[in-house]
Amino acid sequence: MNDLTSSLHFPNTIHSGAGSFDQLAEAATALGTTNIFMIVSSNALDANPQLERQIRALKRIYSITLFSEYHGEPNSDHLDSAAQKALMSRADTVVGIGGGSALDLAKAVAFQAKNTSIPIQEIPNLHTFNRLHLISVPTTAGTGSEVTKITVITDKDTKVKFNPAHPRLIPDVAILDPTLTTNLPAHVTAFTGMDALTHAIEAYLSTRATAMTDHFALQAIQLIGKYLPVAYQEPDNLCARENMLIGSSSAGIAFSNSSTNLAHAAARPLGARFNIPHGLSVAMVLPFVIEYGLPFAGDRYAQLANVLKVGDQPEDVLHFIEHLNETFGIYQHGKLYFQHNELEQQIPQMVQDALSGNGIETNRKVPEATDVEKIYRKLLEKLN
């Protein structure tokens, strides 16, 4: 754990509980909103008929421009298109509704619409900046983007994911309404839940971890470890869904204020090069990353085993994650995204992409290229 002084950044307001989406109008009014640019995923609209009714009601109060013209994880083309339309709409507030893709895009648009000449890659180099007001409403319990200072955008040409971070990217308001997550397909619940669990684990293992980030990370691990299997098996269980949202946001606060590390660094090239859903790619590499890290962080893994109530040995965490991956059919889903030869051919470039990404330096043991290659080759063997 880092013994230096630390700061903790998260939204000014977090509304949670069934029906909390109804707080959006009050939250927007408190921000002085007149025109809303609303980024809402088509999947969220399809899965939540009540969401469309609620948006219609909001249109009686505000001028609202809807944007759903993106598919999959957001890229530079999506950002350019959305930012231009936000400018044309004269929006003063961006509302993101959906999974991590919608929320990441909303954060990037809130910045880009006020800083048209500054590439998002430059965000970490800015002392401060103006942006549009920002409200985030997650419909999955996974990325924690509703509370983090990070946005993830893929460069359309290079296939490299940028994940600039700055406290000003944290939304003003987050709304955690579990009723918006009950219609998720089981595999999406699994993928996003594994992403959230990995956020918390990596935040706890990060060399930037502090007593405050540990608090949120351990709370998240306890909640997600308990309620993810329940939400997967009982999609209408509002208690499980609410605790998953709280767990995901707690994990987001933890890693946003410490760091993710090797699992996310190794997963990003899989997503960028093969269009694999982010949570799935993270889940696929996580056991091999834990196996690599056990000798260097045994005491922390033992504590995680205790929190998860799966034992008291570091290896018990690895066995728990392997069990979850088996339960959720992670590798069966992974096989759908590429052929064996395609993955093998990309390994050298993916190793370089992983090593150049965020999080490598916060590993308990900083990996070398051969270490990362071994992780990808173990994944390749698992997928055979």
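**Notes on the fold**

1. The sheet is a good place to start: six strands make up an open, parallel sheet in the order β1-β8-β5-β4-β2-β3. Strands here are DSSP runs of E with at least two residues, helices are runs of H or I with at least four, and both are numbered from the N terminus; two strands pair if DSSP finds at least two bridges between them. β1 (13–16) and β3 (63–67) stand at the edges with a single partner strand each, so one side of each has no neighbour in the sheet. From one strand to the next, the twist averages 15°.

2. A word on the basis: this is a predicted model, where local features need pLDDT of at least 70 and side-chain atom pairs pLDDT 80 or more, while totals for chains, interfaces and linings use all residues. Residues are numbered from 1 along each chain as its sequence is written, and side-chain values use heavy atoms, without hydrogens and water.

3. Within the sheet, β5 (residues 133–138) and β8 (residues 173–176) pair in the parallel sense over two bridges. Ser136 stands opposite Ala174 in β8.

4. Helix α5 (residues 100–112) packs on the sheet and touches β2 (35–40), β3, β4 (93–98) and β5; contact means heavy atoms within 4.5 Å. The direction of α5 makes about 170° with that of β4, with axes fitted to C-alpha atoms (for helices over the stretch in contact) and angles running from 0 to 180 degrees between N-to-C directions.

5. Overall, the protein has 15 helices and eight strands. Its C-alpha atoms fill a box of roughly 55 × 45 × 40 Å along the principal axes.
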